[in-house]
Number of protein chains: 2
Amino acid sequence: MGMNQIKRIPKHIGIIPDGNRRWAKQNNYEKHEGYSHGILPGFKLYELMLEYGIKEATFYGFTQDNTKRPKIETESFVKAAVEAVNTLANKDANLLVIGNTASKVFPEELKKYANRRVNFGRGLININFLVNYDWNWDLLHAFVAKDLPKTKKVNLHHHIASSDISRIDLIIRWGGRRRLSGFLPVQSVYADYYFVDDYWPDFKEEHFIDALNWYQTTDRTLGG
Amino acid sequence: MGMNQIKRIPKHIGIIPDGNRRWAKQNNYEKHEGYSHGILPGFKLYELMLEYGIKEATFYGFTQDNTKRPKIETESFVKAAVEAVNTLANKDANLLVIGNTASKVFPEELKKYANRRVNFGRGLININFLVNYDWNWDLLHAFVAKDLPKTKKVNLHHHIASSDISRIDLIIRWGGRRRLSGFLPVQSVYADYYFVDDYWPDFKEEHFIDALNWYQTTDRTLGG
């Protein structure tokens, strides 16, 4: 099915780029070397999303749980995250970084993009990047807010740390695992999930096209 | 693969029994007639779960969103929920019903099982049943609690309305859709998802066995 047949374009896509370490092992690299091979695929996907008119995309960078991994791995994925943002700064996107900036592992270089959207170039797409993210931290933000109305009519989404990230229509996960691993639980409640067996560094255009074509076959009931 | 080869048994399985209305249409029934055909499959699955030593299972009954459907449909799935519980009362399970009891659509007959676990017979398995459930209502429960500590060290799971429902290992959804539709967002963050194309009233033992066999191939990192 070509681009002309794709009529329902998801407004917001969640991207879980998993399998970097397994890809590295398979290709005779050290595990931690996998992360740097995940940057270029992200920009290939970025270009495709512009081409198809996607308005918002959220990339799962790394989580607080991930930072419990060996130091050499943590350093490698933090470095890859910073490099990805520095590359994006020369593109046409509006960047919002969401994650716990209070922790030492949150990279200093990314603090200027945290919790506020920053425009790059022509700002053709909103890109959200989860950096040192933790789902419990995200939701708890609403609890510790002093001004939260004590009523049952509150829309929780408006009060969490990631409230500026909108509801997600389609989540694509690479690397063969069929789970969300704590990815934006509130924004994901009504999302459709598409799973790709290939590891993220082996990203191919057809993965994205297949996901969009599959999305055509779903309906959209928002729980109704 | 037979029962002997299944070594990793999920402790807690989430069940999303979707496709009752589509099954009804396909079988020349009125849409609302599908729900009553979803009761027997639930008890077939119950027996299988006992056989395989599953300790806890949560069934997605109906949601507050669902009750916006035509009155004849709402009446039918409420009736099916009550009938399912009345049948379970003669089995060997510990039942916990979770949902918004403050609403008029919450069935009077199920109030005695709401928010407290009730033992039936030999109590061989914990069965949770979501009745007039809403994910925003569930999470918001923690907000409106007066005694919530205003600290960032809180485990959100302990404070939500469904706090007595444990973390889920495996979620099985029937009916071909690949999404969670608001099913227990907190307990589902690390769950693996298995999707069955057949509609729920067409439940077959092999669906469950296939899901368990697939679960053997997953790992369990809890986000690490």
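Is B:Arg22 buried, partly exposed or exposed, and at what relative accessibility? In this model, which is predicted, B:Arg22 has a relative accessibility of 25% and therefore counts as partly exposed, since that class lies between the buried residues, under 20%, and the exposed ones, over 50%. The side chain of B:Arg22 meets that of B:Asp18 in a salt bridge, with 3.1 Å from N to O, and B:Asp18, for its part, is buried, with a relative accessible area of 17%. In chain A, the residues A:Asp18 and A:Arg22 belong to a network of salt bridges that also links A:Arg173 and A:Arg177.

Other charged pairs can be followed in the same manner, and over all chains the count of salt bridges comes to 24. As a general matter, side chains of opposite charge can pair when their charged atoms come close. One of these pairs is formed by A:Asp65 and A:Lys68, whose closest N and O atoms are 3.0 Å apart. The two partners are placed in contrasting surroundings, for A:Asp65 counts as buried at 13% relative accessibility, whereas A:Lys68 counts as exposed at 66%. Another salt bridge joins A:Arg122 to A:Asp92, with the closest N and O atoms 3.2 Å apart. This pair links distant parts of the chain, since A:Arg122 lies in the loop between β4 and β5 of chain A and A:Asp92 in the loop between α3 and β3 of chain A, 30 residues apart. Here A:Arg122 counts as exposed, at 62% relative accessibility, while A:Asp92, at 17%, counts as buried.

The strands named in those loops lead on to the sheet of chain A. It is an open sheet of seven strands with mixed pairing, and its strands follow the order β4-β3-β5-β2-β1-β6-β7. At the edges stand β4 (residues 118–119) and β7, each of which has a single partner strand, so that one side of each is left without a neighbour in the sheet. Elsewhere in the order, β1 (residues 12–17) and β2 (residues 56–63) of chain A run parallel and are joined by four bridges. Within this part of the sheet, A:His12 stands opposite A:Glu56, a residue of β2(A).

Turning to chain B, one may look at a residue in a loop, B:Tyr113, which lies between β3 and β4 of that chain. At 8% relative accessibility, B:Tyr113 counts as buried. Leaving aside its neighbours within four places in sequence, B:Tyr113 is in contact with B:Val85, B:Leu95, B:Leu96, B:Val97, B:Val118 and B:Phe120. B:Ile98, which is 15 residues away from B:Tyr113 in sequence, is 8.5 Å from it in space, taken from C-alpha to C-alpha.

Helix α4 of chain B offers a further view of burial. Eight of the 10 residues of this helix, which spans residues 135–144, are buried, so the helix is largely enclosed by the rest of the structure. Among the buried residues are B:Trp135, B:Trp137, B:Leu139, B:Leu140 and B:Phe143, together with B:Asn136 and B:Asp138. What covers the buried residues of α4(B) includes β3 and β5 of chain B and also α4 of chain A. The N-terminal end of α4(B) is capped by B:Asp134, a side-chain oxygen of which lies 3.2 Å from the backbone nitrogen of B:Asn136.

With α4 of chain A among the elements that cover α4(B), the description passes to the interface between the chains. The contact takes 43 residues from chain A and 43 residues from chain B. The area buried between chain A and chain B is about 3800 Å², and carbon and sulfur atoms give 55% of it. Of the area that chain A buries against chain B, A:Phe143, A:Arg178 and A:Arg179 supply 20%, more than any other three residues.

Between chain A and chain B there are two salt bridges, including the one in which the side chains of B:Arg179 and A:Asp192 meet, with 3.0 Å from N to O. Across the same interface, 16 residue pairs are in polar contact. On the side of chain A that touches chain B, α4 (135–144) and β7 (192–196) each supply at least two residues, and the largest share, seven residues, comes from α4(A). By class, this side of chain A has 21 nonpolar, 11 polar and 11 charged residues.

Technical notes. Residues numbered from 1 in each chain as written. Chains lettered and ligands numbered in written order. Predicted model: local features only at pLDDT ≥ 70, side-chain atom pairs only at ≥ 80, totals over all residues. Heavy atoms only, no water. Contact = heavy atoms within 4.5 Å. Buried area = accessible area lost by both parts, 1.4 Å probe. Salt bridge = Lys/Arg side-chain N within 4 Å of Asp/Glu carboxyl O. Polar contact = N/O pair within 3.5 Å; in protein donor to acceptor, adjacent residues only side chain to side chain. Nonpolar A, V, L, I, M, F, W, Y, C, P; charged D, E, K, R; others polar. Buried < 20%, exposed > 50% of the residue type's maximum accessible area, 1.4 Å probe, protein only. Pairing = 2+ DSSP bridges.
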